[in-house]
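Let's take a walk through this structure together. Have the sequence and the 3D view open as you read.

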Amino acid sequence: MTKSALITGITGQDGAYLARLLLDKGYKVHGLVARRSSDSRWRLREMGVEADIVYLDGDMADACSVQRAVIQSAPDEVYNLAAQSFVAASWNQPVTTGIVDGLGVTHLLEAIRQFSPHTRFYQASTSEMFGLIQAEQQDENTPFYPRSPYGVAKLYGHWITVNYRESFNLHASSGILFNHESPLRGIEFVTRKVTDAAARIKQGKQQELALGNIDAKRDWGFAGDYVEAMWLMLQQDKPDDFVVATGVTTTVREMCRIAFDHVGLNYRDYVKIDPAFFRPAEVEVLLGNPAKAQRVLGWKPKTDLDTLIRMMMDADMKRVAKE
Ligand code: NAP
Ligand code: F7E
């Protein structure tokens with residue numbers, strides 16, 4: 001029998017990769033899409049899936065629309081990827097971030113509890129919940145210490161998922177995913193900002209690149225690998241929480257070197273430090289331990305940082321050349 005899935009945040013980076021994965025597995029894929037005044041489906045077109053999705057109008061802040069989407073899609077699996085996901089913006093829109101990334105999760109869990117309790121639920125939790133890290137390498141047992149309104153809102157989303165699992169016996173799992181990137185990453189995130197700028201500088205369309213704290217370290221993986229882990233979590237007999245990471249951490253500075261090197265440039269000649277891109281509170285370093293995901297889900301990252309950045313550079317070089 002064809003399985004039905006509902007993806008919130010389907011127009012985002014992970015939504016596009018997950019939609020492709022589920023369609024390839026034969027699912028009927030529904031996407032909750034918030035009304036926007038400009039086109040938000042470009043990633044779905046890039047993935048070649050735009051015409052294969054059933055679109056449902058709704059917003060995570062609007063409980064009625066979330067409830068209607070659950071009833072209309074009659075999902076076997078719900079993947080809650082919708083969020084205001086840019087950490088830096090969360091200090092400027094702390095309340096919206098709290099409603100969408102935090103309370104919005106309750107809207108969805110409550111709709112599942114009332115109308116579709118057999119549905120399996122995935123929550124997009126984040127390494128930002130570790131924030132000011134309490135262990136050198138973070139795993140499912142590491143205490144949380146979020147450092148931004150985004151991290152705080154996501155922590156609420158995480159705990160309400162655990163709570164609904166324990167209170168109502170829902171099959172609700174939480175993936176604590178470390179940073180994952182791709183050519184479909186939003187341009188405001190540092191990896192895409194760097195690969196886009198390196199491509200422009202190489203092609204004479206930009207002179208320099210202004211960045212913030214380039215000594216920050218992140219555990220970066222490939223979004224295409226990470227959506228497989230999401231799917232695997234919902235195929236388990238028992239719901240649970242899993243860290244998804246590569247187990248390698250790298251500075252933003254080194255990531256710049258890899259990107260600029262790839263097009264034969266030295267990043268030191270172009271990168272300028274601009275205090276405007278520093279954050280009110282920084283997450284200096286993140287490093288995940290994916291051992292449980294490997295042991296229980298049989299999941300391992302397939303793409304290293306060098307390969308990932310080269311993939312992003314190649315895509316940006318082509319895109320910038322066409323502009
Ligand atoms: P993204 O590219 O920013 O996509 C976010 C999605 O949420 C978009 O489809 C966006 O719609 C939608 N959205 C925003 N506000 C909404 C609202 N009020 N109602 C309904 N939809 C709304 O994020 P991503 O990188 O794919 O990440 C997917 C999820 O994983 C997010 O929850 C993120 O916080 C979490 N996460 C990401 C990472 C990472 O490194 N990428 C790591 C850990 C966790 P529009 O296109 O219309 O804006
Ligand atoms: O920043 C530093 C910045 O914005 C990474 C989201 O997907 O991953 C993402 O959050 C680091 C930070 O991602 C610039 O200060 C320096 O230390 O690419 P980012 P993020 O904040 O780690 C987590 C796991 C999520 O859940 C989030 O949704 O890079 N940095 N200079 C800069 N960052 C940006 N954006 N721009 C700069 O100019």
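How far is an oxygen atom of ligand 1 from an N or O atom in the side chain of R36? The two are 2.8 Å apart. Keep in mind as you look that this is a predicted model.

R36 is one of the closest residues to ligand 1, along with T11, S85, Y150 and K154. In total, 25 residues surround this ligand. S85 brings a polar side-chain atom to 2.6 Å from an oxygen atom of ligand 1, while G9 uses a backbone N or O atom, which lies 3.3 Å from an oxygen atom of the ligand.

Now turn to ligand 2, which has 24 residues around it, the closest being S85, T126, Y150, R279 and E282. You will recognise S85 and Y150, which are also listed among the closest residues to ligand 1. Here a polar backbone atom of S85 is 2.6 Å from an oxygen atom of ligand 2. Two side chains join in: T126 has an N or O atom 2.7 Å from a ligand oxygen, and R279 has a polar atom 2.6 Å from one.

Y150 and K154 lead us to a pair of helices, as both belong to the α5 side of a contact with α4. The axes of α4 (residues 94–115) and α5 (residues 149–168) come within 8 Å and cross at roughly 15°. Because of that angle, α4 counts as roughly parallel to α5. Their crossing is right-handed. On the α4 side, the contact residues include P94, L103 and R113. By class, the contact comprises eleven nonpolar, six polar and four charged residues.

Definitions and conventions:
Residues are numbered from 1 along each chain as its sequence is written. Chains are lettered from A and ligands numbered from 1 in the order in which they are written. This is a predicted model: local features need pLDDT of at least 70, side-chain atom pairs count only at pLDDT 80 or more; totals for chains, interfaces and linings use all residues. Side-chain values use heavy atoms; hydrogens and water are left out. Axes are lines fitted to C-alpha atoms, for helices over the stretch in contact, and angles run from 0 to 180 degrees between N-to-C directions. Helices (H or I, at least four residues) and strands (E, at least two) are DSSP runs, numbered from the N terminus. Angles under 35 degrees count as roughly parallel, over 145 as roughly antiparallel, 65 to 115 as roughly perpendicular and the rest as oblique. A crossing is left-handed if the near helix is turned anticlockwise from the far one by less than a right angle, and right-handed if clockwise. Contact means heavy atoms within 4.5 Å. Ala, Val, Leu, Ile, Met, Phe, Trp, Tyr, Cys and Pro count as nonpolar, Asp, Glu, Lys and Arg as charged, and the others, Gly among them, as polar. A residue is near a molecule or strand if one of its heavy atoms lies within 4 Å of it. A polar contact is a pair of N or O atoms within 3.5 Å; within protein, one must be able to donate a hydrogen and the other to accept it, and residues adjacent in sequence count only if both atoms are side-chain atoms.
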